[in-house]
Amino acid sequence: MEEINNIEIGPCTDSDYLKPFRVHYNQNGTKKSWDFMRTHDSVSVLIFNTTSHCFVLVKQFRPAVYMSEWERAKSQPPKSAEKSEGGAAEASASESPEGPSASEGESNSQWPPASAGVTYELCAGLVDKPDLSLEEIARQEVLEECGYDVPASKLKRITSYRSGVGVTGAKQTMFYAEVSDDNCVSAGGGEPREGELIEVVKVPLHEAMTFAYNERIPKTMGVIFSFIWFHNNMSPKYKISTNV
């Protein structure tokens, strides 16, 4: 996961996942236009292992995050201080996803480390199978990414919401799944044929809120929201502090 090389950037003219458009419209008598992308809706799943009392997340490299960090680094002035030592980022409060900066005009070969594009996320997937319900799609993602075989009937719907409202407006539906070690039938890791390379990460319940609010650990908003939801709705059932 941490070995990224031979990076090339080019125009996206044909994609199965993103379709760019520009809409023109009048709002209260004012003529306006807006650029947006049509994308698939998605599902996500907060997984809680009742055997080990931990949350099950996924960790993976996100090119969009990586390129965003690269663009941010380019806009910063060169640093004269010594580079910090250390390897790839791990799920630790003491580590940062930030890579070394690259000043404007420097060679594109000076890319940040791969860890700059690695994020911690809920198990999730695209809604791209019209013959399956959202619960069935979520069940497949849990099995492929995290290795737990959970009946679709055991998935609890938390809520749905719009994501990327300024660019895509796609809808994501979030579920909650309780699993145990008995449900684990594989190591997970995603579907290699689809180019997925996923690491399964476990966050102990008592460390969850510290993990959620640690800005040095790169994560999606879904992780933060779902941990808060669990604290408000489920933690009394287990009588264990989520360390708020």
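How many salt bridges does a search of the whole structure find? The search finds 7 of them, and three are shown among the close-up views below, all of which are taken from a predicted model.

**View 1. Overall arrangement of the chain.** The chain holds 5 helices and 9 strands, and from the N terminus on these elements follow the order β-β-β-β-α-β-β-α-β-β-β-α-α-α. Of the 244 residues in the chain, 35% are buried. When contacts between residues at least 6 apart in sequence are considered, 69% of them join residues at least 24 apart.

**View 2. A salt bridge between a loop and strand β5.** Arg-62 and Glu-121 form a salt bridge in which the closest N and O atoms are 2.8 Å apart. Because Arg-62 sits in the loop between β4 and α1 (63-74) while Glu-121 belongs to strand β5 (residues 118-121), the pair ties together parts that are 59 residues apart in sequence. The two partners can be described by their accessibility: Arg-62, at 34% relative accessibility, counts as partly exposed, whereas Glu-121, at 6%, counts as buried.

**View 3. Two salt bridges within helix α1.** In one pair, Arg-72 forms a salt bridge with Glu-69, with the closest N and O atoms 2.6 Å apart; both residues lie in helix α1, where they are 3 residues apart, or about one turn of the helix. Arg-72 is partly exposed, with a relative accessible area of 38%, while Glu-69 is buried, with a relative accessible area of 14%. In another pair, the side chains of Glu-71 and Lys-74 meet in a salt bridge at 3.6 Å, N to O, and these residues too lie in helix α1, 3 residues apart. Glu-71 counts as partly exposed, its relative accessibility being 42%. As background to both pairs, an α-helix has 3.6 residues a turn, so residues three or four places apart point the same way.

**View 4. Lys-219, a buried lysine in the loop between α3 and α4.** Lys-219 is placed in the loop that joins α3 and α4, and this residue is buried yet has no salt bridge. Why does Lys-219 have no salt bridge? The nearest side chain of opposite charge, that of Glu-215, is 8.3 Å away, whereas a salt bridge requires a side-chain nitrogen of Lys or Arg within 4 Å of a carboxyl oxygen, so this pair does not qualify. Backbone oxygens are found around the lysine side chain instead: that of Ile-217 is reached at 2.7 Å, and that of Ala-212 lies 3.4 Å from a polar atom of the side chain. Not counting residues up to four places away in sequence, Lys-219 touches Tyr-120, Phe-211, Ala-212, Asn-214 and Ile-224.

**View 5. Helix α4 and its buried residues.** The 13 residues of helix α4 (residues 221-233) should span 18 Å at 1.5 Å a residue, and the C-alpha atoms at its ends are 18 Å apart, which agrees with that expectation. The buried residues of α4 are Gly-222, Val-223, Ile-224, Ser-226, Phe-227, Trp-229 and Phe-230.

**View 6. The largest nonpolar core and a second, separate one.** The largest nonpolar core has 24 residues, and those with the most contacts inside it are Leu-46, Phe-55, Tyr-176, Phe-211, Phe-227 and Phe-230. Two or more residues are given to this core by each of β3 (42-49), β4 (54-61), β8 (170-179), β9 (199-204), α3 (208-213) and α4, with α4 giving the most, 5 residues. A second, separate core has 17 residues, including Val-43, Ile-47, Val-150 and Val-179.

**View 7. Surroundings of Tyr-176.** Leaving aside neighbours within four places in sequence, Tyr-176 is in contact with Leu-46, Phe-48, Lys-154, Leu-155, Lys-156, Ile-158, Trp-229, Phe-230, Met-234 and Tyr-238. Among these partners, Leu-46 and Phe-230 are, like Tyr-176, listed with the most contacts inside the largest nonpolar core.

**View 8. Tyr-17, ahead of strand β1.** Tyr-17 is located in the segment before β1 (19-27) and, at 52% relative accessibility, counts as exposed. Is this residue without partners far along the chain, or which ones does Tyr-17 contact? Its contacts, leaving aside neighbours within four places in sequence, are Arg-38, Thr-39, His-40 and Leu-126. Tyr-17 and Leu-126 are 109 residues apart in sequence, and their C-alpha atoms are 9.4 Å apart in space.

Conventions. Residues numbered from 1 in each chain as written. Predicted model: local features only at pLDDT ≥ 70, side-chain atom pairs only at ≥ 80, totals over all residues. Heavy atoms only, no water. Helix = DSSP H or I, 4+ residues; strand = E, 2+ residues; numbered from the N terminus. Expected span 1.5 Å × (residues − 1). Buried < 20%, exposed > 50% of the residue type's maximum accessible area, 1.4 Å probe, protein only. Core = buried A, V, L, I, M, F, W, Y, C linked by side-chain atoms within 4.5 Å. Contact = heavy atoms within 4.5 Å. Lys, Arg positive; Asp, Glu negative; His and termini not counted. Polar contact = N/O pair within 3.5 Å; in protein donor to acceptor, adjacent residues only side chain to side chain.
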